[in-house]
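Colleague: Could you walk me through this one from the beginning? I have not looked at it before.

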Amino acid sequence: MDPNIPRTTPRKSATFDDYTLSEIRRAATTGIYDIRGAGAKRKLPHFDDLLFLGASISRYPLEGYREKCGTNVVLGTRFAKKPVELKIPITIAGMSFGSLSAQAKEALGRGASAAGTSTTTGDGGMTPEERGQSKMLVYQYLPSRYGMNPDDLRKADAIEVVVGQGAKPGGGGMLLGQKISDRVAQMRCLPKGIDQRSACRHPDWTGPDDLEIKIHELREITAWEKPIYVKVGGARPYYDTALAVKSGADVVVVDGMQGGTAATQEVFIEHVGMPTLACIRPAVKALQELGMHRKVQLIVSGGIRNGADVAKALALGADAVSIGTAALVALGDQDPHLEDEYQKLGTTAGAYDDWHEGRDPAGITTQDPELAKRLDPVKAGRRLSNYLKVMTLEAQTIARANGKSHVHNLEPEDLVALTVEAAAMAQVPLAGTSWIPGKGGY
Amino acid sequence: MNELDLKKDGVTAINHRLHALPENTNERHWVIRNPMGQHAIACGLDGPLHVEVHGHVGFYCGGMNKDAEVIVHGHAGVGVAENLMSGLVWIKGNASESAGATGNGGLLVIDGDASSRCGISMKGIDIVVGGSVGHMSAFMAQRGNLVVCGDAGDALGDSIYEARLYVKGKVASLGADCIEKEMRDEHLADLSRLLAAAKRKDNPKDFRRYGSARKLYNFNVDHADAY
């Protein structure tokens with residue numbers, strides 16, 4: 001070819017990008033779908049696409065460091081004799097012993113308790129470590145019923161009936177053989193070392209009418225003391241919230257697709273469910289139409305990272321938020337000081353998501369005793385507590401700037417959107433306009 | 001013997017009464033009348049009580065019980081003895097779907113038929129059904145024994161783990177990874193014990209045993225069509 005003829009720059013396909021090509025090669029080599037942990041990694045409309053307006057002539061701000069701005073929340077005021085009272089509106093999401101080490105579960109309990117909030121069990125039952133260190137513990141009632149027993153149910157401060165989760169609405173749990181240690185196998189009544197795929201449907205109820213009866217049974221067994229949460233993946237938040245209320249839930253938890261999982265198929269995580277931002281307003285609308293907003297509390301989860309995210313979720317109508325992935329990072333997950341070890345696993349700090357393999361150098365998503373020992377539950381718990389307190393301070397800062405004496409007083413009118421998509425999903429005006437897509441304006 | 005009238009007192013008051021009994025109570029024998037098919041009757045019991053229910057019960061009767069004996073002189077709704085920990089639940093009539101679901105221990109006896117998903121996700125419970133069971137029974141059954149003196153519906157033992165299934169009659173079809181297995185002396189002894197506990201006269205040698213082929217325990221792409 002004549003070197004004097006200019007050549008076009010080699011161009012890679014936007015459709016068949018490097019990641020896509022690598023996935024095709026991986027699938028062709030192994031014959032199995034890609035399994036990983038965490039939530040959706042694709043770019044999605046999110047809380048970053050919203051801004052608070054702050055105070056102006058029409059809004060009177062509160063003094064940033066002096067005037068009171070409440071952060072407490074009471075969950076389960078509808079039917080439970082003993083509602084859950086939290087100092088902050090940020091809870092720790094359900095994560096199982098099995099997917100996480102006992103040290104990590106203990107650290108979550110320590111951090112949450114120090115910050116005045118609750119933590120949550122997961123698909124695998126309640127461990128003494130987390131009950132012992134969690135002042136407020138929510139017990140998940142999952143389709144698999146691994147480790148389920150009435151004693152632990154009664155030890156819990158609240159019960160969360162898990163219908164789905166944001167990373168995989170319609171999918172069951174997955175814990176591969178590498179993480180089925182003797183203790184995990186014993187708690188789940190399974191042979192050691194097998195791939196555990198837990199059910200996606202509850203074994204003894206189907207649909208909202210049955211769920212109502214199931215909730216009634218749980219209340220009977222626990223003397224009507226415990227708040228009953230119903231957790232759904234972000235799929236049909238309007239109908240799911242309405243049906244959860246109809247079924248007798250005290251609290252509805254809506255988890256968007258950025259919410260993490262211990263393990264499932266990549267294709268499930270990235271292609272099923274809705275972004276957290278798109279879930280909140282339909283859920284709030286359902287509560288409002290039923291006259292149950294603030295009576296049945298709404299917890300939102302999936303991609304909550306900082307106090308601004310907390311404030312935005314509350315402004316859109318949530319009563320509290322829940323964090324999982326961010327809590328693990330606070331404990332020490334993805335830390336750059338482990339970069340050499342992440343490299344040996346073929347990944348890099350910040351991208352590590354092979355949580356199902358149990359080789360986590362941070363000692364969090366593992367059942368390897370040597371790796372798990374690396375995590376000091378006391379120090380890690382302190383890091384989580386610090387992080388939760390910072391998030392709370394940030395949310396207060398924003399609330400005061402918008403003239404609110406309690407974070408729950410934040411409202412959609414305090415927000416604008418940076419993109420048309422976010423404006424449509426959050427149903428707040430596009431910045432600089434009064435236009436809410438689908439609702440008129442200009 | 002103490003009598004409780006569910007029509008008069010309601011489910012919650014009756015359950016509360018049974019839950020509130022002290023561990024060393026000598027009031028162990030209770031009769032519940034007029035159950036009216038109500039749900040969650042005698043669930044969450046925690047102690048060696050003997051409770052007889054005269055009439056039909058709704059969902060989740062005897063759910064999560066420990067140590068107690070619950071005898072239902074009637075039919076039972078969905079999820080009878082769900083997550084039973086120990087003790088006995090005996091249904092003199094038929095049971096609806098998901099009987100004994102996720103049960104960890106104890107014995108569930110159903111004199112009549114049980115509907116679909118009997119013993120789903122069972123984790124150690126023993127279940128003896130005098131009649132037949134519906135489709136998807138013992139789905140993902142992890143541990144324990146399911147004895148069926150009649151027939152079994154489609155997809156028996158789908159995705160089964162280590163539970164043992166004994167069926168006297170016909171099996172419409174087996175689910176993924178469930179196979180017929182050799183009936184050895186230890187199984188005959190186990191089956192004899194279970195039949196005796198359920199006061200059954202059936203001959204253990206008339207039964208066939210089913211369990212896991214264990215081919216789906218760890219993913220193998222060559223078995224993908226079994227999923």
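Modeller: Before counting anything, note that helices (H or I, at least four residues) and strands (E, at least two) are DSSP runs, numbered from the N terminus. This is a predicted model, in which local features need pLDDT of at least 70 and side-chain atom pairs count only at pLDDT 80 or more, while totals for chains, interfaces and linings use all residues. Residues are numbered from 1 along each chain as its sequence is written, and chains are lettered from A and ligands numbered from 1 in the order in which they are written.

Colleague: Fine, so how many helices and strands does chain A have?

Modeller: Chain A has 15 helices and 16 strands, and its C-alpha atoms fill a box of roughly 70 × 65 × 45 Å along the principal axes. The radius of gyration, taken over C-alpha atoms, can be set against the globule rule, which is 2.2 Å times the number of residues to the power 0.38. For the 442 residues of chain A, a compact globule would come out near 22 Å, and the chain has 22 Å, which agrees.

Colleague: And what share of chain A is buried?

Modeller: Buried residues make up 57% of the 442 residues in chain A, where buried means that 20 or more other C-beta atoms, placed from the backbone, lie within 10 Å of the residue's own (12 or fewer is exposed, and in between is partly exposed).

Colleague: Which helix is a good example of that?

Modeller: Helix α10 of chain A, residues 307-315, has eight of its nine residues buried, so it is largely enclosed by the rest of the structure. Among the buried ones are A:G307, A:D309 and A:L314. Just after this helix, A:G317 takes a positive phi of about 125°.

Colleague: What about the sheet in chain A, in what order do its eight strands run?

Modeller: The order is β5-β15-β14-β12-β11-β8-β7-β6 of chain A, in an open sheet with parallel pairing, and two strands count as paired if DSSP finds at least two bridges between them. At the edges are β5 (90-92) and β6 (118-120) of chain A, each of which pairs on one side only. Inside the order, β11 (residues 228-233) and β12 (residues 251-255) of chain A pair in the parallel sense over five bridges, with A:G233 opposite A:D255.

Colleague: Switching to chain B, what is it built from?

Modeller: Chain B contains three helices and 11 strands, and from the N terminus on they run β-α-α-β-β-β-β-β-β-β-β-β-α-β. Its radius of gyration is 18 Å, close to the 17 Å that the globule rule gives for 227 residues, so it is as compact as a globular protein of that length.

Colleague: Is its sheet parallel or mixed?

Modeller: The pairing is mixed, in an open sheet of 11 strands ordered β1-β2-β3-β4-β5-β6-β7-β8-β9-β11-β10 in chain B, and its edge strands are β1 (2-5) and β10 (178-181) of chain B. One of the pairs, β8 (residues 143-148) with β9 (residues 164-167) of chain B, is parallel over four bridges, and B:N145 stands opposite B:R164 there.

Colleague: So where do the two chains touch, and how many residues are in contact?

Modeller: 38 residues of chain B are in contact with 22 residues of chain A, a contact being two residues whose C-beta atoms, placed from the backbone, lie within 7 Å. On the side of chain B that touches chain A, α2 (11-19) and β7 (123-129) of chain B give two or more residues, and α2(B) gives the most, with five residues.

Colleague: Which residue of chain A could I look at there?

Modeller: One of them is A:E220, which lies in helix α6 (residues 207-221) of chain A and, leaving aside neighbours within four places in sequence, is in contact with B:V11, B:T12, B:N15, B:A40, B:C43 and B:G44. With 24 C-beta neighbours inside 10 Å, A:E220 counts as buried.

Colleague: Last thing, what does the predictor say about confidence?

Modeller: The complex is given an ipTM of 0.96 and a pTM of 0.95. Chain B averages a pLDDT of 96, and 97% of the residues score at least 70, pLDDT being the predictor's confidence in each residue, from 0 to 100.
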